[in-house]
Amino acid sequence: MPIVIQGLTHTYMQGSPFQATAVHEVSLTVGDGEFLGLIGHTGSGKSTLIQHLNGLLKPTAGRVLVDGADVFAKDTDRRAIRRKVGLVFQYPEHQLFEETVAKDIAFGPKNLGLEDNEVDRRVRAACGAVRIDYDSLANRSIYELSGGQMRRVAIAGVLAMEPEVLVLDEPAAGLDPRGRADILYMIQELHAQRAITVIMVSHSMEDVARMVNRIVVMSQGRVVMDGLPAEIFARGEELRGMGLDVPEAVRLADELRAKGFDIPPEACQMEEVRDAILAQIGGAGRC
C-alpha cells in the first residue's frame, strides 16, 4: 500500500499575523514494506508532515494518496484511512486513559464496531506483538506500569487497528537505555515479521543507521536528501550544516580511511566497521 505525497504545503494560522509555513511543496513516495527514517533538525517540518498521512492535518496545498485514494477528497472515508495508517505520537503514553491495559488497547477496535471475540483476538495479538504478557497485565491499571511498558501499551493500541503502515514520531524518546533498546528492537521485529511499512521520525543517527533502509532528510520544511543510509551519511558536511550529524561509526570509518584503512563506503554501523578492520588484519596475517 504505497503512500504518495504530491506538492504538499502546510501553513499554520494562514491569513493571520502569526502565519507560518511548516512544510513547503514536499513530494515523496513511500513504497510497500519500506522502513523509512525521517530526520531533520527541530522545526524542520517532520512532525507536521507525518500528521498528513492519516488525515489529522489538512494540507494548505497539494495532496496525499494512500493506496491510490486522496486522503482529503470529499468522498474519502478518513476513518478507513486511519485504520490503514497508524500514527504513534511522541510520548504516546500521555494519551492512555482507560482503566486497564486491555481496555485501552481495545478502545480502537471497539470503535470499529467489531464483535467482542474479534476485539479480544486483536488485543491479545497486539500484546504479543509488543511483548506484553496478556495474562499478567491485561487487568492491571496503566498507572502501575513502567514507562517502557506504557509506551508498549500505547503502540499496541495502534497495532490493534491492524494498520498496513506504522508511523512513529520519536518512539524511544524519554526512555532509559534498556527501555529504549527494547522498544527499537520491537519495532524492527514488527517490520520484519509483519512486513508492514514503517516510517520513523528520529533524532538519533545511530538508530536510523541501524534500522532503516531509506532516509529522508528535511530542512526548513523541505526534503533536501533522499537515499540509502550510506548515501546520506556520506554527505556529513551538508548534514552538519543543517544542525545534524553522522553516526559515530561513520566518523570512525572516515578517520580510519584517512589512516589508510580500506573501509567500505556503505559502512554505517560499528559492526560493519569492525568486520572491515578484521578482514584486513586477517588478510595481512595470512600474507
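# A walk from Arg 131 through the pockets

Let's start at Arg 131, which counts as partly exposed because its relative accessibility is 42%. Keep in mind that this is a predicted model. The residue sits in the loop between α4 and α5, and its backbone is a bit unusual: phi is positive, about 60°, although Arg 131 is not a glycine. For context, most residues other than glycine have a negative phi.

Arg 131 also has a partner. It forms a salt bridge with Glu 189, and the closest N and O atoms are 3.8 Å apart. That still makes the cut, since a salt bridge here needs a side-chain nitrogen of Lys or Arg within 4 Å of a carboxyl oxygen of Asp or Glu. Glu 189 belongs to helix α7, while Arg 131 is in the loop between α4 (116–129) and α5 (134–137), so this pair ties together parts that are 58 residues apart in sequence.

There is another positive phi to look at, in Glu 25. Its value is about 45°, and Glu 25 is not a glycine either. This residue lies in strand β2, and it counts as exposed because its relative accessible area is 64%.

Back to the salt bridges: the structure holds 21 of them. Two further examples sit inside helices. In Glu 237 and Arg 240, the closest N and O atoms are 3.2 Å apart. Both residues are in helix α10 (residues 236–241), and because they are 3 residues apart, about one helical turn separates them. Glu 237 is exposed, with 62% relative accessibility, whereas Arg 240 is partly exposed at 35%.

The other example is in helix α11 (residues 248–258), where Asp 254 and Arg 257 are likewise 3 residues apart, about one turn of the helix. Here the closest N and O atoms of the salt bridge are 2.8 Å apart. Asp 254 is partly exposed at 41% relative accessible area, and Arg 257 is partly exposed at 30%. Besides such pairs, there is a network: Glu 118, Arg 121, Arg 122 and Glu 162 are joined by salt bridges that share partners.

Now for the empty space. The largest pocket has a volume of about 740 Å³. Its lining is made of 26 residues, and those closest to the centre are Phe 107, Gly 108, Gly 157, Val 158 and Met 161. Which elements supply at least two residues each to this lining? They are α2 (78–84), β6 (85–88), α3 (101–111) and α6 (147–159). The largest share, 5 residues, comes from α3. By class, the lining divides into 16 nonpolar, 6 polar and 4 charged residues.

The second largest pocket holds about 220 Å³ of space. It has 15 lining residues, and nearest its centre lie Ser 146, Gly 148, Gln 149, Arg 152 and Asp 182. Two or more residues of this lining come from each of α6 and α7 (177–194). You have met both helices already: α6 also helps line the largest pocket, and α7 is where Glu 189 sits. The lining of the second largest pocket has 4 nonpolar, 5 polar and 6 charged residues.

What about space that is closed off? The count comes to 1 cavity of 30 Å³ or more, and the largest cavity has a volume of about 50 Å³. Around it are Ile 3, Ile 5, Leu 28, Val 30, Leu 36, Leu 38, Leu 49, Ile 50, Leu 53 and Ile 199. The elements giving two or more residues to that lining are β1, β2 (20–30), β3 (35–40) and α1 (46–50). Strand β2 is also the one that carries Glu 25. As for chemistry, the cavity lining has 10 nonpolar residues, no polar ones and no charged ones.

Strand β1 leads us on to the surface. Tyr 12 is found in this strand, which spans residues 3–12. With Met 13 and Phe 18, Tyr 12 forms a nonpolar patch on the surface, and together the three have about 350 Å² of accessible area. Tyr 12 itself counts as partly exposed because its relative accessibility is 33%. So β1 takes part in two of these settings: it contributes to the lining of the largest cavity, and it holds Tyr 12 of the surface patch.

Terms used. Residues are numbered from 1 along each chain as its sequence is written. This is a predicted model: local features need pLDDT of at least 70, side-chain atom pairs count only at pLDDT 80 or more; totals for chains, interfaces and linings use all residues. Side-chain values use heavy atoms; hydrogens and water are left out. Patches are made of residues with over 30% relative accessible area and no salt bridge: like charges are joined within 9 Å, nonpolar side chains (Val, Leu, Ile, Met, Phe, Trp, Tyr) within 5 Å. Accessible areas come from the Shrake-Rupley method with a 1.4 Å probe; for residues, only the protein chains shown count as cover. Helices (H or I, at least four residues) and strands (E, at least two) are DSSP runs, numbered from the N terminus. Buried means under 20% relative accessible area, exposed over 50%, partly exposed in between (1.4 Å probe, protein chains only). On a 1 Å grid over the protein atoms alone, a cavity is a set of points where a 1.4 Å probe fits but cannot get out, and a pocket is an open set with protein on both sides within 12 Å along at least five of seven lines; lining residues have an atom within 4 Å of a point. Grid points are joined across faces, edges and corners, and a volume is the space filled by probe spheres set on the points. Ala, Val, Leu, Ile, Met, Phe, Trp, Tyr, Cys and Pro count as nonpolar, Asp, Glu, Lys and Arg as charged, and the others, Gly among them, as polar.
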